[in-house]
Amino acid sequence: MIDRRRILTKIVQSFSVVGIFFAGYPFIKSSSIFKDRQHELEIDLTDLSVNKVKEVSWLGRPVIIVRRSKKEIAAINARKTLLKDPLSDFSVQPSFAKNNSRSIREDIFVVFGNCTHLGCIVKSRLTPGESRFNCPCHDSKFDGAGRVFSNAVAPRNLEVPNYFFISKNTLLLTASK
Ligand code: FES
């Protein structure tokens, strides 16, 4: 009789443990232990010198990373005219990039390479002048912060993805906010 009671107690305890696990699974899954690494991409910037560009593919889209020169940073900050959306009010970027440089750090610019007109992939100029990015399809031009010039057919600035810096020379593209 005692043995039967013990067995029943063990069975009930086992079901309780399983029940607690399934009840808590959504919370465990959303915790950092089970962080979704599929939607993240770590990028090493040590070999990215001034004025140079790095291109990676992330979530099926091209991402361009630029190390800006002091001259380019000054040009971005000075430019207030001839842009369609100079303050990025109608453009897509994380809140940290709604500023003049459209970036966390002024020296590093991270942007999706798809033109906001019909999605063609923009080309970064080797020696940026007025424009830094040109679209080969209908010649829209964008400045060093991906802001579209007012005479272009592209309606908005280039889109900035979500990212943060893990260290001085390592950034992480991440879908999670
Ligand atoms: S797709 Fe870029 S200007 Fe048309």
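## Two odd loop residues and a three-stranded sheet

Leucine 59 sits in the loop that links strand S2 (53–58) to strand S3 (61–67). Keep in mind that this is a predicted model. Leucine 59 is worth a look for its backbone: its phi is positive, about 55°, even though it is not a glycine. Aspartate 139 also has a positive phi, about 65°, and is not a glycine either. Beyond these loops, there's an open sheet made of three strands.

**Loop residues with positive phi**

- Is leucine 59 buried or exposed? It counts as partly exposed, because it has 13 C-beta neighbours inside 10 Å, and the partly exposed class lies between 12 or fewer (exposed) and 20 or more (buried).
- As for aspartate 139, look in the loop between strand S6 (133–134) and strand S7 (141–142).
- Aspartate 139 has 13 C-beta neighbours inside 10 Å, so it goes down as partly exposed.

**The open sheet**

- The strand order is S1-S9-S8, and the pairing is antiparallel.
- Which strands are at the edges? They are strand S1 (40–44) and strand S8 (163–167), each of which pairs on one side only.
- Going from one strand to the next, the twist averages 25°.

**Zooming in on S1 and S9**

- S1 pairs with strand S9 (residues 170–174) through five bridges, in the antiparallel sense.
- For a handy landmark, find leucine 41: it stands opposite leucine 173 in S9.

Technical notes
Residues are numbered from 1 along each chain as its sequence is written. This is a predicted model: local features need pLDDT of at least 70, side-chain atom pairs count only at pLDDT 80 or more; totals for chains, interfaces and linings use all residues. Helices (H or I, at least four residues) and strands (E, at least two) are DSSP runs, numbered from the N terminus. Two strands pair if DSSP finds at least two bridges between them. Axes are lines fitted to C-alpha atoms, for helices over the stretch in contact, and angles run from 0 to 180 degrees between N-to-C directions.
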